[in-house]
Amino acid sequence: LTAGGNSVPFSIASGSSQTTANIHLPSDSALADPQTVRLSANTVSPVPSDVGGHFCNGDINNTTACDMSVYKAGFLFDVPHLTAATASATINVSAVRSSDSATCVPLFQNVTRTVAFWGEYQNPASGTLPLKVNGSDIETTATPAYTSTFSLVFNGSGTAPLTSVQYNDVGLMQLNARYVGSTGNTPPDGGM
């Protein structure tokens, strides 16, 4: 099964007429929402003899019936003003559609996802102390390597808690989050 540049193998058990396959539908942050991704199936064997092709929503493969609308997604959270060296209360992180902040439930409902966090110095523009998330130092750079990751447990509403955010200096910091879906980072129960 292919969708954009992503593909996953699948098989239909002998005696069955269907199966379920999970695949990420990619989006391009430079394009406007919604974006269209076409699903297709390649090298199906044996080829279904009754129609001579593969089906997608009742139509032959590689037609507009196989098109899916996808949206860019992001995280919405609000870190309150903090006193230096004092941890915040719990902060909720919501997975949302970037265009209108609608909850991104299909991918982030009742699942655990690995999310990268990094901080950026805003005022002053540089510093020496890192931002802390859930008690751990995170990257503080404008070009992060996305190595400061946390497993967040998202509830049925697509929201997950951060237990705390802390900065042991004074100044304005920006907290950023990034999720990259992959086979290893998306269990089979949460594919889109």
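Reader: How many aromatic pairs does a search of the whole structure find?
Author: The model is predicted. The search covers the whole structure. The number of aromatic pairs it finds is seven.

Reader: Why is the pair of Phe 75 and Phe 108 classed as it is, stacked or edge-to-face?
Author: The ring centres of Phe 75 and Phe 108 are 5.8 Å apart. Rings pair if their centres lie within 6.5 Å, and planes over 60 degrees apart count as edge-to-face. The planes here stand at 80°, so the pair is edge-to-face.

Reader: Which parts of the chain does this pair link, and how many residues apart are they?
Author: Phe 75 belongs to strand S7, residues 73-76. Phe 108 belongs to helix H1, residues 105-108. The pair links distant parts of the chain, and the separation in residues is 33.

Reader: Are Phe 75 and Phe 108 buried or exposed?
Author: Buried means under 20% relative accessible area. Both Phe 75 and Phe 108 are buried.

Reader: Which residues form one aromatic cluster with Phe 75 and Phe 108?
Author: Phe 75 and Phe 108 belong to one aromatic cluster. Its other members are Phe 154 and Tyr 179.

Reader: Which ring does the charged end of Arg 178 sit over?
Author: The charged end of Arg 178 lies 4.1 Å from the centre of a ring. A charge over a ring must be within 6 Å of the ring centre. The ring belongs to Tyr 146.

Reader: What percentage of the residues of the protein chain count as buried?
Author: The protein chain has one helix and 16 strands. It has 192 residues. The share that counts as buried is 32%.

Definitions and conventions
Residues are numbered from 1 along each chain as its sequence is written. This is a predicted model: local features need pLDDT of at least 70, side-chain atom pairs count only at pLDDT 80 or more; totals for chains, interfaces and linings use all residues. Side-chain values use heavy atoms; hydrogens and water are left out. Helices (H or I, at least four residues) and strands (E, at least two) are DSSP runs, numbered from the N terminus. Buried means under 20% relative accessible area, exposed over 50%, partly exposed in between (1.4 Å probe, protein chains only). Rings of Phe, Tyr and Trp (its six-membered ring) pair if their centres lie within 6.5 Å; planes under 30 degrees apart count as stacked, over 60 as edge-to-face and the rest as tilted. A charge sits over a ring if NZ of Lys or CZ of Arg is within 6 Å of the ring centre and within 35 degrees of the ring normal.
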